[in-house]
Amino acid sequence: MSTPSVSVESVTKRFAGHTAVSDLSLQVPSGGIYGLLGPNGAGKSTTIRLIMSILQPDEGRIALFGDSRNSRDLSARIGYLPEERGLYKKMRVLDHLVFLGEVKGIARAEAKRRAQAWLERLEIAGWAQKKVEDLSKGMQQKVQFAGALLHEPELVILDEPFSGLDPINAQVMKDIVVEIAAGGRTVLFSTHAMEQAERMCDRVAIIARGKLVANGTVAQVKADFGGRHVALGFAGDRHQADAILADPRLVARLDDYGASAELKMAEGAEPGQLLAALVAAGVGLRRFEVVEPSLHAIFVAKVGADPDAEPLPAVAGAAA
Amino acid sequence: MNKTLAVIRREYVERVRTKAFLISTLLLPVFMLAMAVLPALLMSGGDHTTRVAVVDASGSGLGQPVVAALKAATIGHGRAARPRYDATLFPATAANLAQVRDGLIAKAGFAKGSGQHGWDGVLVLDADTLASGKLHYYGDNVSSPEGMNRLQRDISKALAGVRLAHAGVDQLLVAKAMVPADMDTAKVTDGKLTGQSGEASFALAYAMGFILYIAIITYGSRTLTSVIEEKNSRIMEVLTSSLTPFQMLMGKVLGVGLAGLTQMAIWVGTAFVLGGQGPHLAGAFGMGAEAAGKFAIPSVPPMLLVVFLLYFTLGFLIYGSLYAAIGAMCNTIQEAQQYAVFVTMSILVGFMSMFGLINDPSGALGTTMSFIPLFAPFTMPVRWSMTAVPPLQLALSLGLMVLGLLACVWLAGRIYRTGILMYGKKPTWGELWRWIRA
């Protein structure tokens, strides 16, 4: 196996009063998309800041490309989008991108050429001479995204890249991330949006309270979780189903969304038994499917909390 | 190095491009000119011809020579000369003195509006005047020290002439004896004449100190606000993953410094152009050629310019990095101001010390301060322009400046490294010490 792009070994980081990351180990292999999943406050951003050498670990060691130097020394190979977005508000968009390229070591003329290309690709070329503060939050985020990628880094680290974006812009960003990975480069991004992670990531690590709870390829994580899972879709009234879904002999775990639900079958119970019981009770079904567990379901089971139940992360960086 | 250049360019361009830069570039000279010219204009009592009524109740014919002396006084020299006084004699006796005097004061008044007949002042000579030199002047310009001194000088001259004549001294001899001393001062450096007058070299030193003071106060402190802005806009995290604290610090201080220098260059350049046109401009503003001469720009000896620029650069970098370090420690400008006071105080001490140096540029105070990096940028150019500084002292002082700069940048870099990512409460002195040692 080739040298991992990021290697975190038994890293612990404590802040006054609490431990943000506790004995965390993970390896991001070279190439592909790696998702760092976890609820708010799980330690995702701290982990990323440790990887970026913005914070120093109290214990353990971190290596990038097998090199344990400060990430700043390898900065030309790394692109970073911090969770707290920040740009110089008074700078013109194009100048700002050129500056971000220059501090990564790209010659000015080349940085300008690439910046223009990015602005066109992100469909904000018309804003090139506007001040950053005149742009909407979503546009600012695109500018910062382009700034992180301008120097064509082989490792791209994105902290919550899709938060605060409307679906259209999120789609544009997603396409770019997928394209980077398709080009053989490595993307590491953090998110608490499980469905998106499930669709995009080759590998994931789920962390909660600073600890790793699951790790590996998406297929591995699902296989490790085990059990048989059923996705249900209700047609109309569903309260007759409540008693059946609460039966511990049939259902081990229920993830209820109201009009739909995902559940894990109890040990020894067959999906057919469940279907028979539901039909007998007269529950109208739109969907009944034996499925792989979703990352969301695994997440909820492992972490014991719904990632979406907590308030969405403040996009304070972009809003400020 | 290229990265530092990118930071310098950014800091420079973003600053020079602002409206605030344009406005301050235009307005400050206007303000400073007003500060310099207005008091001088007000204090000089004006350069117009003063109409004086001389009431002679001396009984000894004192009025005639006094009026003659006043008529001889001129504003300016040579062909441009105009009479300083328009004096008219009113003979009187001890008995009707008060009546004549009050009549002149009341009839004409001192209002400018009374035109041809308005007296600017009434001079009263009585019987005692010749012996005691005591006389009275009633006028609307009595609070102008310069005008009154000049009037008193001119009258003294007339009195001395009359007294000598009474003592039987020949009139021609008196005229010869009364030719005043006219002293020109010139500065000597290393046994050579520099061609500068004493007044000019002080003015030059003062101007340089003032430029440095203004530059540090306005631009040095801007590194502080700029660091705080970067912290608050959270761009710091992107920067710190690409740039070393040293690159960020030096780029910022140099970029801001260059913006400051640009503004200074515009001012100084304009001043030189205007200085060359001084007499024309003075005429346009209704000032006499003599008043314009006061604002002429003395030529700067090349060595002094080199010394000044060296100290200016070193001083600016030292103070700039100190301000940047304070910015890194704090989260709000208000918070930073508490720490910045210490830096501002030492700038003030350095600036104020210049005035102490005027009397004794090579004294213990001047020598000591030349060796303290925080003060030397103010002290040394003043000493250099006013007296001959031993080369060894200059070398030692510059050496200490460089060491001081390295120490400041190192210290600021340490604080910067930790401080720029610290949000929330400001550090205690103990924490600060830990940042520096870490």
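# Exercises on a predicted two-chain model

In chain A, the centres of domain 1 and domain 2, taken over C-alpha atoms, are separated by 40 Å. The exercises below concern a predicted model.

## Exercise 1. The layout of chain A

Task: State which residue ranges the two domains of chain A cover, and describe the chain as a whole.

Solution. Step 1: The domain assignment places residues 6–217 in domain 1 and residues 227–292 in domain 2. Step 2: Along the principal axes, the C-alpha atoms of chain A fill a box of roughly 70 × 45 × 40 Å. Step 3: The secondary structure of this chain consists of eleven helices and 13 strands. Step 4: Chain A has 320 residues, of which 43% count as buried. Step 5: Taking contacts in chain A between residues at least 6 apart in sequence, 72% join residues at least 24 apart.

## Exercise 2. The six-stranded sheet

Task: Determine the order of the strands in the open sheet of chain A, and explain why E5 and E9 each have one side without a neighbour in the sheet.

Solution. Step 1: The six strands follow the order E5-E6-E7-E3-E8-E9, and their pairing is mixed. Step 2: E5 and strand E9 (211–217) stand at the edges with a single partner strand each, so one side of each has no neighbour in the sheet. Step 3: On average, neighbouring strands are turned by 10° against each other, direction ignored. Step 4: Helix H1 (residues 44–51) of chain A packs on this sheet and touches E3, E6, E7 and E8 of chain A. The direction of H1 makes about 150° with that of E6(A).

## Exercise 3. Strand E5 and its partner

Task: Decide whether the residues on the two faces of strand E5 (residues 78–81) of chain A are buried or exposed, and identify the bridge partner of Tyr80(A) in E6(A).

Solution. Step 1: In a regular strand, side chains alternate between the two faces of the sheet. Step 2: Ile78(A) and Tyr80(A) lie on one side of E5, with Gly79(A) and Leu81(A) on the other, and all are buried. Step 3: E5(A) runs parallel to strand E6 (residues 155–159) of chain A, and four bridges join them. Step 4: Tyr80(A) has Ile157(A) as its bridge partner in E6(A). Step 5: Leaving out residues up to four places away in sequence, Ile157(A) touches Ile48(A), Ile51(A), Met52(A), Ile78(A), Gly79(A), Tyr80(A) and Leu188(A).

## Exercise 4. The nonpolar cores

Task: Find which residues touch the most other members of the largest nonpolar core.

Solution. Step 1: This core has 140 residues, and those that touch the most other members are Leu97(A), Ile157(A), Ala324(B) and Ile326(B). Step 2: Helix H13 (residues 302–329) of chain B gives the most to the core, namely 16 residues. Step 3: Another core, of 24 residues, lies apart from it and includes Ala57(B), Ala87(B), Leu123(B) and Val124(B).

## Exercise 5. Chain B and the contact

Task: Establish how many residues each chain brings to the contact, and characterise chain B.

Solution. Step 1: Chain A supplies 21 residues and chain B supplies 17 residues. Step 2: The side of chain A that touches chain B has nine nonpolar, five polar and seven charged residues. Step 3: Chain B contains 18 helices and eight strands. Step 4: Of its 438 residues, 35% count as buried.

Methods:
Residues are numbered from 1 along each chain as its sequence is written. Chains are lettered from A and ligands numbered from 1 in the order in which they are written. This is a predicted model: local features need pLDDT of at least 70, side-chain atom pairs count only at pLDDT 80 or more; totals for chains, interfaces and linings use all residues. Two residues are in contact if their C-beta atoms, placed from the backbone, lie within 7 Å. Ala, Val, Leu, Ile, Met, Phe, Trp, Tyr, Cys and Pro count as nonpolar, Asp, Glu, Lys and Arg as charged, and the others, Gly among them, as polar. A nonpolar core is a set of buried Ala, Val, Leu, Ile, Met, Phe, Trp, Tyr and Cys residues joined through C-beta atoms within 7 Å. A residue is buried if 20 or more other C-beta atoms lie within 10 Å of its own, exposed if 12 or fewer, and partly exposed in between; C-beta atoms are placed from the backbone. Domain bounds come from an automatic or database domain assignment. Two strands pair if DSSP finds at least two bridges between them. Axes are lines fitted to C-alpha atoms, for helices over the stretch in contact, and angles run from 0 to 180 degrees between N-to-C directions.
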